[in-house]
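Here is a walk through a two-part model, taken one chain at a time. Keep the viewer open as you read.

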Amino acid sequence: MITIVMSRNMPAGTFEMLDDFFVRALFAGSALAIVAGPLGCFVVWRRMAYFGDTMAHSGLLGVALAFLFEVPLIIGVFAVAVGVSMALLALQRKDALPSDSLLGILSHSALALGLVLVTYMTWLRIDLLSFLFGDILAVSKADIAVIVLGGATVLAVLAAIWRPLIAGTVSSEIAQAEGLSPERAKVIFMILMACVIAMAMKLVGVILITALLIIPAASARQFSSTPEQMAGISVLAGILSVATGLFTSLQFDTPSGPSIVVASLALYLLSLAAMGFAGSMRGEPSEDRS
Amino acid sequence: MSQNQPPAPLISLRAVGVRRSGRWLIRGVDLKVDPGEIVTLIGPNGSGKSTAAKVAIGLMRADEGRVERSAALSVGYVPQKLSIDRTLPLTVRRLMSLAGSHSRDDIDVALDAVGIAGLADAQVHRLSGGEFQRALLARAMIKQPQLLVLDEPVQGVDYAGEAALYKLIQTIRKETGCGILLISHDLHVVMAETDTVICLNGHVCCTGTPEMVAANPAYEQLFGQRAAQSLAIYRHHHDHTHLPDGRVQHADGTITDHCHPDDGHHDHDHDHDRDEPEHAGGDLRNAG
C-alpha cells in the first residue's frame, strides 16, 4: 500500500530511501504515541491541557537557549519545560493570580521570548517552522533511539508512580491522608511531561504537542470504564492517528505534524459518533446526566 | 499495632491553632483519639471541624500548638467534599483499590457491608449522593486502618440509611478496634456510641460524653435550646416524654423545661443571656 501511495507523488528512483524515512517516521510517531497516551490521560483528568500547552510553548525558548549555550536541543527544551512547570507550581502555591491567567502569561511570553531570541541570533540558520510544527519525516535513527530509550524510561517511572498519581487525581486529600505522597507524584509527573515534550517537539512541533496528548485520550474516554483501560485505548488511538496522519500526509502532500493532529481529530469525532450510536441502540441519550 | 502496649493516643492535638489569610480558623484546640474510641466533632458551619480533622491527619499544618500521631499510623479518610472529574472513568471496584490493592472478595464484602453490593461495576459518576458516600466509607474501611476519619460521612444518605451507616461504624469499631474521628454538623444524629463529643466553634466550647456536652451551658448557648434538647432526646428517648408545651416529663414523674439527663430533679427558666452557668455535668471544661 505504501508503494502505491508513494508512486503517485514521488519520483520513481527514490523508492527505497522514501520507504526508509517513512518507516522511521511511522516508528518514531508510534513510539511517541505509546508514551503520550497514558500521560495525555492525566492531562485530561487533571485539567492540565493549558498547562501542557504552556510547557510546550516554552520549548522554543529551550531551542534558543540550547543554541546559545551549545547543548543538545532536547536538553535545552527539557530544562526550560521543567523550569516553567516548577515556576508555575511555585506561583500557584502563592495564590498570586488565578491559574489560567498565570498560564496565559507564562505560555505566550515563553513563546514570544523564544521567537525573539531565535530571530535575534542571526548567525543561526534554523528552520523556525520545523520547530513550530515539527518535521516527523526528518527523524534520524539517533532521534528514534532517543525516543525509544526516553519513552521507555518515562513509562517505567509512570508505572512506579501510578497508584499515588491516580489516587491524587481522584482526591489529593485522600491520597495524602492515607500516606501516598501525591505531591511528589505530581512533581515527578511534570518532569515526565517535560521529557515527552522535549521528545515530541521534533516530531510535531511546539504548537501541536498538546493535541497529541489530549485528543487520543479524549477519544478513549468513551470506551473506558477504568483509568487503566483509558490509558491503553488512548495508546491505540494515538498510534492509529500517527499512521493515518502520515499516510494522508504522503498521499495529499500535506504537512505531517498537522496531518497527524487532523487524523486524531477525525478519530475523536468518530468515537463521539460511535458513542451516540451505541447510546441510541440502548435507548439512552448519548450524554448522561451532568 | 501491638496489642499489649498501654493505649497511646492515635492522634493528639494540644492547643493547636491554624491561621490562614490573617484569620485564625481554629485556635487552642485540644483533641485526642485513642484506639477503639469514637470521638465526634460537632459545631456550626465554619467552626473549624474539618480544619481540626485535617490538622490531625497531617493535611494542614498547625501554626501553633503540638500535633502528635502514633508512629506509622494508618488512616482511612472520607473527606467532606469530593468530586471526581467526569473525564476519569472509574468503577466502584476500582475506587476501592485507590490506595492499595484488595482482592475481589474483600471488595465485595466491604461493599456488601455498606449496602451497595450490586454496584461494584457501576461508574462512580452514576451513583446517587448516598450511594457515593457509602462507596467512600467502604473504601476508607476496607484496609482496616487504625484510625478512620469521617467528615460528614452520611451526607445525602436517607434517614434509614443513616441509622444503618452509624450502626456499621460502630460495628467496625467493635470488630477492628480502630479509633474513629467523626465530624457532624447534624446534631440530631450524634451517635449514642460516641465516647467523646467535642463541641467546636473556632475553639473548643466543651468536651465530654454526649450527656455532659448536652448539659453544658456553652453548648446550649452555641446551638440554642432546641438543639441542646434534641441531642438529649436522641440519647434518652426511652426515659422521658415531651409534653405539648415543650416541657419534658421524666421517668420519675418530674417535669422540666428541657431534658438534660442530670437536671431531672430541678427546674429553671431559660435565660440565654445568663452569665454564670447554673450547672455543669461532671468535669466539663468551659473553654468558651
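How many helices and strands are there in chain B? The count is seven helices and twelve strands. Bear in mind throughout that this is a predicted model.

## Two chains, two builds

Chain A has 13 helices and zero strands, so reading from its N terminus gives you α after α, right to the end. Of its 290 residues, 47% count as buried. Chain B has 288 residues, and buried ones make up 43% of them.

Now look at how far along the sequence the contacts reach. In chain A, take the contacts with a separation of 6 or more: 71% of them are between residues 24 or more positions apart. In chain B, among contacts between residues at least 6 apart, 65% join residues at least 24 apart.

## A helix in chain A

Pick out helix α4 of chain A, residues 73–94. Does its length fit a regular helix or depart from it? At 1.5 Å a residue, its 22 residues should span 32 Å, and the end C-alpha atoms are 32 Å apart, which agrees.

Several of its residues are buried, including A:Ile74, A:Val77, A:Phe78, A:Ala81 and A:Ser85. A:Gly76, A:Val80, A:Val82 and A:Val84 are buried as well. Helically speaking, there are 3.6 residues a turn, so residues three or four places apart point the same way. What do the buried residues of α4(A) pack against? Their partners are four helices of chain A: α3 (49–69), α5 (99–120), α7 (141–160) and α10 (182–204).

## The three-strand sheet in chain B

Over in chain B, one open sheet has three strands in the order β2-β1-β4, with antiparallel pairing. Its edge strands are β2 and β4 (64–69), each pairing on one side only. From one strand to the next, the twist averages 25°.

Strands β1 (residues 11–20) and β2 (residues 23–33) of chain B run antiparallel and are joined by seven bridges. One pairing to find is B:Leu13 with its bridge partner B:Leu31 in β2(B). The hairpin of these strands has two residues between them, and B:Ser21 there takes a positive phi near 50°.

## The six-strand sheet in chain B

The other sheet to look at is open too, with six strands in the order β5-β6-β7-β3-β8-β9 and mixed pairing. Why do β5 and β9 (203–208) of chain B have one side left without a neighbour in the sheet? They stand at the edges, each with a single partner strand, so one side of each stays unpaired. Neighbouring strands here are turned by 15° against each other on average, direction ignored.

At one edge, β5(B) runs parallel to β6 (residues 147–151) of chain B, with four bridges between them. B:Val78 has B:Leu150 in β6(B) as its bridge partner. Helix α4 (residues 129–141) of chain B packs on the sheet, touching β5 and β6, and its direction makes about 170° with that of β5(B). Helix α1 (residues 49–56) of chain B lies across β3 (38–42), β6, β7 (179–184) and β8 (196–201), at about 155° to β7(B).

## Strand β8 and its neighbours

Is β8(B) largely enclosed or left open by the rest of the structure? Six of its six residues are buried, so it is largely enclosed. Both faces are covered: B:Thr196, B:Ile198 and B:Leu200 are buried on one side, with B:Val197, B:Cys199 and B:Asn201 buried on the other.

Four bridges join β8(B) to β3(B), and these two run parallel. Five bridges join β8(B) to β9(B), and that pair runs antiparallel. B:Val197 is a handy landmark: it is the bridge partner of B:Thr40 and also stands opposite B:Gly208 in β9(B). The hairpin of β8(B) and β9(B) has one residue between the strands, and B:Gly202 takes a positive phi near 85°.

## Where the chains meet

The contact takes 21 residues from chain B and 23 residues from chain A. On the chain B side, strand β5 (residues 75–78) gives the most, with three residues. The residues on that side divide into 13 nonpolar, four polar and four charged.

Technical notes:
Residues are numbered from 1 along each chain as its sequence is written. Chains are lettered from A and ligands numbered from 1 in the order in which they are written. This is a predicted model: local features need pLDDT of at least 70, side-chain atom pairs count only at pLDDT 80 or more; totals for chains, interfaces and linings use all residues. The expected span of a helix is 1.5 Å times one less than its number of residues. A residue is buried if 20 or more other C-beta atoms lie within 10 Å of its own, exposed if 12 or fewer, and partly exposed in between; C-beta atoms are placed from the backbone. Two residues are in contact if their C-beta atoms, placed from the backbone, lie within 7 Å. Ala, Val, Leu, Ile, Met, Phe, Trp, Tyr, Cys and Pro count as nonpolar, Asp, Glu, Lys and Arg as charged, and the others, Gly among them, as polar. Two strands pair if DSSP finds at least two bridges between them. Axes are lines fitted to C-alpha atoms, for helices over the stretch in contact, and angles run from 0 to 180 degrees between N-to-C directions.
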